[in-house]
Amino acid sequence: MSRHYILGYGSLISSQSRAKTGETGRVWPVKLHGYERSWAVMSKALGMSSVAVLKAEHKACNGVLIEVAEDQFPLFDEREQGYQRSQIALHQLQPYHDEPLPEGTYWVYHAEEVVAPCPVYPIVLSYVDVILAGCLEHGEHFVRDFVELTQGWQSPSVNDRPTPIYPRAQTELSTEQINPWLAPVSTLTLHELTLSYDS
């Protein structure tokens, strides 16, 4: 039986967020070569920006390889509307740990172009928080790589934690763990970042 894997490089890094869409199996933290991650306007309906990857030689981004049964694909395809799903090759994947990656068919949801975030479709913290909390599941090195391997942090941002825009927001998250990673790259001030879900 053929085994299938999706490369999650945004909110799918978060185990809690994945569970809101469908059933998944094991995950392997990896770097994907040949793609670059950027902030981009992917769904105008949400009124916010998301991360997307585009094919780019000599570039890489980090993410998790997620085992997904074939019958779950329609659920993930629906979640990733606006993106295209394409196959990627094993040689493009570099594991973070010594354990060899599983054999199977590997997929990534990607964009054809980047539409930069703007004040109408900004970067919203309720979405960033879910991603960075997911990255923290794999250690600080993984979070650092996410921040450094993502383009477009200088785009307009909004702290929407008091009234989250992102539909899969995790309002119980500890923002004190996340803010130090955002402070150096976000356009928000330190004071703006301190606003949390319970304030």
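1. Which helix holds Ser 126? Ser 126 lies in helix α3. The model discussed here is a predicted one, and the notes below start from this helix before turning to a strand, a loop and one unusual backbone angle.

2. Ser 126 has a relative accessible area of 0%. The cut-off for buried is under 20%, so Ser 126 counts as buried. Its side chain makes a polar contact of 2.6 Å with the side chain of Asp 160. Asp 160 also appears among the residues that Ser 126 touches beyond four places in sequence; the others are Pro 164, Ile 165, Tyr 166, Ala 169 and Tyr 197.

3. The rest of helix α3 is mostly covered as well: eleven of its twelve residues are buried. These run through Leu 125, Ser 126, Tyr 127, Val 128, Asp 129, Val 130, Ile 131, Leu 132, Ala 133, Gly 134 and Cys 135. Note that the charged residue Asp 129 is on this list.

4. The length of α3 can be checked with simple arithmetic. Twelve residues at 1.5 Å a residue should span 16 Å, and the C-alpha atoms at the two ends of α3 are 16 Å apart, so the expected and modelled values agree.

5. How do α3 and α4 pack, and at what angle? Helix α3 covers residues 125-136 and helix α4 covers residues 140-148; the angle between them is about 140°, and their axes are 7 Å apart. An angle over 145° would count as roughly antiparallel, so the pair is described as oblique.

6. The contact between these two helices can be listed by residue. From α3 come Ile 131, Leu 132, Cys 135 and Leu 136, and from α4 come Phe 142, Val 143, Phe 146 and Val 147. By class, this contact has eight nonpolar residues, with no polar and no charged ones. A general point helps in reading such lists: an α-helix has 3.6 residues a turn, so residues three or four places apart point the same way.

7. Is His 110 buried or exposed? His 110 is buried, with a relative accessible area of 3%. It lies in strand β6, which covers residues 105-110. The side chain of His 110 forms a polar contact of 2.7 Å with the side chain of Ser 86. Apart from residues up to four places away in sequence, His 110 touches Tyr 9, Tyr 35, Val 53, Tyr 83, Gln 84 and Ser 86. The C-alpha atoms of His 110 and Val 51 are 9.5 Å apart, although 59 residues separate the two along the chain.

8. Asn 159 sits in the loop between β9 (157-158) and α5 (175-182). Being in a loop does not leave this residue open here: Asn 159 is buried, with a relative accessible area of 13%. Its side chain reaches two backbone atoms. One is the backbone nitrogen of Arg 161, at 3.0 Å; another is the backbone oxygen of Glu 192, which lies 2.7 Å from a polar atom of the Asn 159 side chain. Beyond four places in sequence, Asn 159 touches Leu 125, Leu 188, Glu 192, Leu 193 and Leu 195. Leu 125 is one of the buried residues of α3.

9. His 58 deserves a separate entry. It has a positive phi of about 65° although it is not a glycine. His 58 lies in strand β3, residues 48-67. With a relative accessible area of 79%, His 58 is exposed.

Technical notes: Residues numbered from 1 in each chain as written. Predicted model: local features only at pLDDT ≥ 70, side-chain atom pairs only at ≥ 80, totals over all residues. Heavy atoms only, no water. Axes fitted to C-alpha atoms, helices over the stretch in contact; angles between N-to-C directions. Helix = DSSP H or I, 4+ residues; strand = E, 2+ residues; numbered from the N terminus. Parallel < 35°, antiparallel > 145°, perpendicular 65-115°, else oblique. Contact = heavy atoms within 4.5 Å. Buried < 20%, exposed > 50% of the residue type's maximum accessible area, 1.4 Å probe, protein only. Polar contact = N/O pair within 3.5 Å; in protein donor to acceptor, adjacent residues only side chain to side chain. Expected span 1.5 Å × (residues − 1).
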